[in-house]
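Colleague: I am new to reading structures. Could you walk me through a few features?

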Amino acid sequence: MSKTFLQSYTAFLDFLLAVLVPWTAINLFDYYFLKKGNYAVEDFFKPRAGRYGRLNRRSASCYILGVLVELPFLKTDFYTGHLATTLGGIDISWVVGLVVTTLLYALFCYNQKATKS
């Protein structure tokens, strides 16, 4: 039972890593480089009336692309991407997801600022 549990738990952690790394990249870039920690916290709880709205399409798009770009580099018990196999079974999906998502989000945000000016 302990071997099965350990394999299941490891697979769960691998899944969490794959879906949380792009989310973390967006949050960190937004907090440290765009907003510099200045948020209207009360607006978080006003999805219709607040300044942040219900859904930020730019962030959601970057997140989805970040998860998708990780897949070829992912190595888990239930799925191994073709690039992870090429790399000898090394899982670098989290590094790729972090870098690509951060760059995409930065590009989208700075392009939006340029078009508003």
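Modeller: We will take pockets, cysteines and one backbone angle in turn. Keep in mind that this is a predicted model.

Colleague: How does one look for empty space, and what volume does the largest pocket have here?

Modeller: Rolling a probe the size of a water molecule over the atoms shows where empty space is left. In this model, the volume of the largest pocket is about 680 Å³. Its lining has 23 residues, and Asp30, Lys35, Asn56, Ser59 and Tyr105 are the closest to the centre.

Colleague: Which helices each supply at least two residues of that lining?

Modeller: Helix H1 (2-34), helix H2 (57-70) and helix H4 (93-116) do. Sorted by class, the lining has eleven nonpolar, seven charged and five polar residues.

Colleague: Now the cysteines. How many disulfides does the structure hold?

Modeller: Zero. A disulfide needs two cysteine sulfur atoms within 2.5 Å. For Cys62, the nearest cysteine sulfur is that of Cys109, 6.9 Å away.

Colleague: Why is there no bond from Cys109 to Cys62?

Modeller: Because their sulfurs are 6.9 Å apart, which is too far for a bond. Are these two buried or exposed? Cys62 is buried, at 0% relative accessible area. Cys109 is buried too, at 3%.

Colleague: And the backbone angle? What is the phi of Lys36?

Modeller: The general idea comes first. Most residues other than glycine have a negative phi. Lys36 is not a glycine, yet its phi is positive, about 50 degrees.

Colleague: Where is Lys36, and is it buried or exposed?

Modeller: Lys36 sits in the loop between H1 and H2. With 58% relative accessibility, Lys36 counts as exposed.

Terms used: Residues numbered from 1 in each chain as written. Predicted model: local features only at pLDDT ≥ 70, side-chain atom pairs only at ≥ 80, totals over all residues. Heavy atoms only, no water. 1 Å grid on protein atoms, 1.4 Å probe; cavity = no way out; pocket = protein on both sides within 12 Å on 5 of 7 lines; lining within 4 Å. Points joined across faces, edges and corners; volume = space filled by probe spheres on them. Helix = DSSP H or I, 4+ residues; strand = E, 2+ residues; numbered from the N terminus. Nonpolar A, V, L, I, M, F, W, Y, C, P; charged D, E, K, R; others polar. Buried < 20%, exposed > 50% of the residue type's maximum accessible area, 1.4 Å probe, protein only.
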